[in-house]
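Please look through the structure shown here before reading on. The report is meant for someone who has not met it before.

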Amino acid sequence: MTAQPYLEAVGVSKYYDNFAALQDVTIRVRPGEVVCLLGDNGAGKSTLIQLLSGVIRPDKGVIRVNGEEQHFSSPNDALDKGIATVFQDLAVVPIMPVYRNFFLGREPSTGWGPFRRFDKRHAIRAAREELRGMGVKVDDVRRPIGTLSGGQRQSVAVARAVHFGAKVLILDEPTSALGVKQSDMVLEHVARARDSGIGVILITHNVQHAYLIADTFTVLFLGRQLGTFSKSDLTELQLMKLMAGKLEDTPVATAFQS
Amino acid sequence: MNSPVQSGRTDAPEARVSLRSLLVRPEFTAIAGTIAVFAFFAIFTGDAGFLSMAMTRNYLEVAATIGIIAAPITLLLVAGEFDLSVGATVAAGEIVMSYLIVYAGWPVAPAFLATVIVAIGIGALNGYLVVKTKLPSFIITLATLFIIRGAVQGILRMLNGNSVIDGVRSAAGEDPLVWLFSGMVGPFSVSLIWWIVITGLAAWVLESTVFGNRIFATGGNQAAAVRTGIQVDRLKIMLYIAVAASAVLVAAINIFTINQGNANSAVGREFEVVTAAVIGGALLTGGYGSPIGTFFGALLFGMVDQGFFFTPLPDVWFLTFLGFMLLIAVVINNYTRNAALKPRGSSQ
């Protein structure tokens, strides 16, 4: 935990009219670390990830990448800095083949001048190899991505972000719509990404999944931060109570708050 | 339709995939339909003249004037938008170009160029209105249909008190460029070449270029396209411009073939081109379609349009016949598309 955080948001707030969707929240993620962002509906999880991924800008506080302050102008801007977000809708086109989805918006091309074309052969091969390398089982990348299971689709989206050089991966409720087996598969890919040195922010309200994979937990409640806890300081039961906003008999993690 | 798909399931995986992928190709219905319609007319009206060279030339010409516009319309439909103003744009192109040739005495080349610039303006306006208002393009282009059609009629009424400009061929004289629009290639009119080239170009753009990938994405899931950084607004405006440009190409073909520019030309063409595209497998909801399928959709339209007059039925029944064809085609296309998207569970 001594490494410098790759991505951090310090004391960020976001207001909508007079309503504070997010107030004075701090979150940090280091390379090779999984930070779980927990909270019930309306806790401000979505607002925070929209800030981190460049969709919206904070009214107060700063966002830093590699120690440098950033003002993301768009999700693409954040992506260029290595912050890849896999939103719940996954940004895939169901009717298009897996390999076309894999390279959506960043298509490899070949040929010259007006005859420049989408390099399908390369895209098919690269998508196949990349997915195999990540352990995602897709038997034909030319199939529409809509024919894959939810877990497979989620895994393809994670593999795509990793392939395009993500340093930090933000996953918005990746397991919320999945069964047990599929969730395990997705969490396994998250673990692989972590092992390769990527920092992961995992948004969830499934405490079990969070406890299984995270190193650190940041808990939000009604737009405020209840705290940031290391896994060793917290039991699963305490984490569950925290999510519901119950602070009693949990450690007050002052050491982690800034 | 059912049995080959299901019996294919028991085959080796490779064979299953290829058989399925053949059946769920968007152009499948249009090609099968074209063969069926051709066979029908050849058998029942072949002796009456359906198989004659003159007849073949006729239906290819009808098909070409639909197909030239229907090819870029297919790309627009795949991108999830619609253009009802193409018929009015054909009329606008006819009047602008005939005016410049007949009244202003321009040679064909600059007259055509000026007309293309007008088309770019119309296309850009359609596209801009659609992406800025975010209203359904059906309504936006219905409005521009009325605006353009009315303006063309109104302006021409002020100019010559009429709704046509005659004598385009004689005004153009010996201009060699006339051949580009109304020349003959062997027994067929040159419009057939335009149709084939534009279809090939549209198919290449859609299937084989980066732009094509983004057209699919824009219509298939616009939110996802935006998320991955695709400039969907610019893409749509470009497609509207391509559609309008194809409409004025048809206008140029018309004025030299008929020797007249007509403010009432191509009424209803907007529905004919969409019919061709939809028979060809395009979905009105976007994300799916094939210029090759549309080519056969237009060919089928041309055959039915011309072949119908050889049947014992009075020609007023043509539209009813066409309506049934369209209905059958969309039902089959809907089925095959759903089959293509059906998850195949074994790999979970």
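What follows describes the fold of one chain, then its contact with a second chain, and last a single residue in that second chain.

The model is predicted, and the values given here are computed from it. Chain A contains 8 helices and 12 strands. Its radius of gyration is 19 Å, close to the 18 Å that the globule rule gives for 258 residues, so chain A is as compact as a globular protein of that length. Along the principal axes, the C-alpha atoms of chain A fill a box of roughly 65 × 40 × 35 Å. Of the 258 residues in chain A, 49% are buried, and when contacts with a separation of 6 or more are considered, 67% of them link residues 24 or more positions apart.

Two of the sheets in chain A can be set side by side, as in the table below.

| Sheet (chain A) | Pairing | Edge strands | Average turn between neighbouring strands |
|---|---|---|---|
| S2-S1-S4-S5, 4 strands, open | antiparallel | S2 and S5 (68–70) | 30 degrees |
| S6-S9-S10-S3-S11-S12, 6 strands, open | mixed | S6 (83–86) and S12 (224–230) | 15 degrees |

In general, the strands of a sheet pair through backbone hydrogen bonds, either parallel or antiparallel.

In the sheet of 4 strands, strand S1 (residues 7–16) of chain A runs antiparallel to strand S2 (residues 19–29) of chain A, and 7 bridges join the two. A:Leu7 has A:Val29 in S2(A) as its bridge partner. The hairpin formed by S1(A) and S2(A) has 2 residues between the strands, and in this hairpin A:Asp17 takes a positive phi near 55 degrees. Helix H1 (residues 45–52) of chain A lies across S1, S2 and strand S4 (60–65) of chain A, and H1(A) runs at about 120 degrees to S1(A).

In the sheet of 6 strands, the edge strand S6(A) pairs on one side only. There, S6(A) and strand S9 (residues 168–172) of chain A run parallel and are joined by 4 bridges, with A:Ala84 standing opposite A:Leu169 in S9(A).

The second topic is how the two chains meet. At the interface, 25 residues of chain B are in contact with 24 residues of chain A. On the side of chain B that touches chain A, the elements that give two or more residues are helix H11 (210–220), helix H12 (222–227) and helix H16 (318–341) of chain B. The largest share of this side, 6 residues, comes from H11(B). Sorted by class, the side of chain B that touches chain A has 11 nonpolar, 11 polar and 3 charged residues.

The last topic is one residue of chain B. Where in chain B is B:Phe308 found? B:Phe308 is found in the loop between helix H15 (291–307) and H16 of chain B. B:Phe308 counts as partly exposed because 18 other C-beta atoms lie within 10 Å, whereas a buried residue would have 20 or more and an exposed one 12 or fewer. Leaving aside residues up to four places away in sequence, B:Phe308 touches B:Asp315, B:Phe318 and B:Phe321. Of these, B:Phe321 is 13 residues apart from B:Phe308 along the chain, and the C-alpha atoms of the two are separated by 9.0 Å.

Conventions
Residues are numbered from 1 along each chain as its sequence is written. Chains are lettered from A and ligands numbered from 1 in the order in which they are written. This is a predicted model: local features need pLDDT of at least 70, side-chain atom pairs count only at pLDDT 80 or more; totals for chains, interfaces and linings use all residues. Two residues are in contact if their C-beta atoms, placed from the backbone, lie within 7 Å. Ala, Val, Leu, Ile, Met, Phe, Trp, Tyr, Cys and Pro count as nonpolar, Asp, Glu, Lys and Arg as charged, and the others, Gly among them, as polar. Two strands pair if DSSP finds at least two bridges between them. Axes are lines fitted to C-alpha atoms, for helices over the stretch in contact, and angles run from 0 to 180 degrees between N-to-C directions. The radius of gyration is taken over C-alpha atoms; the globule rule is 2.2 Å times the number of residues to the power 0.38.
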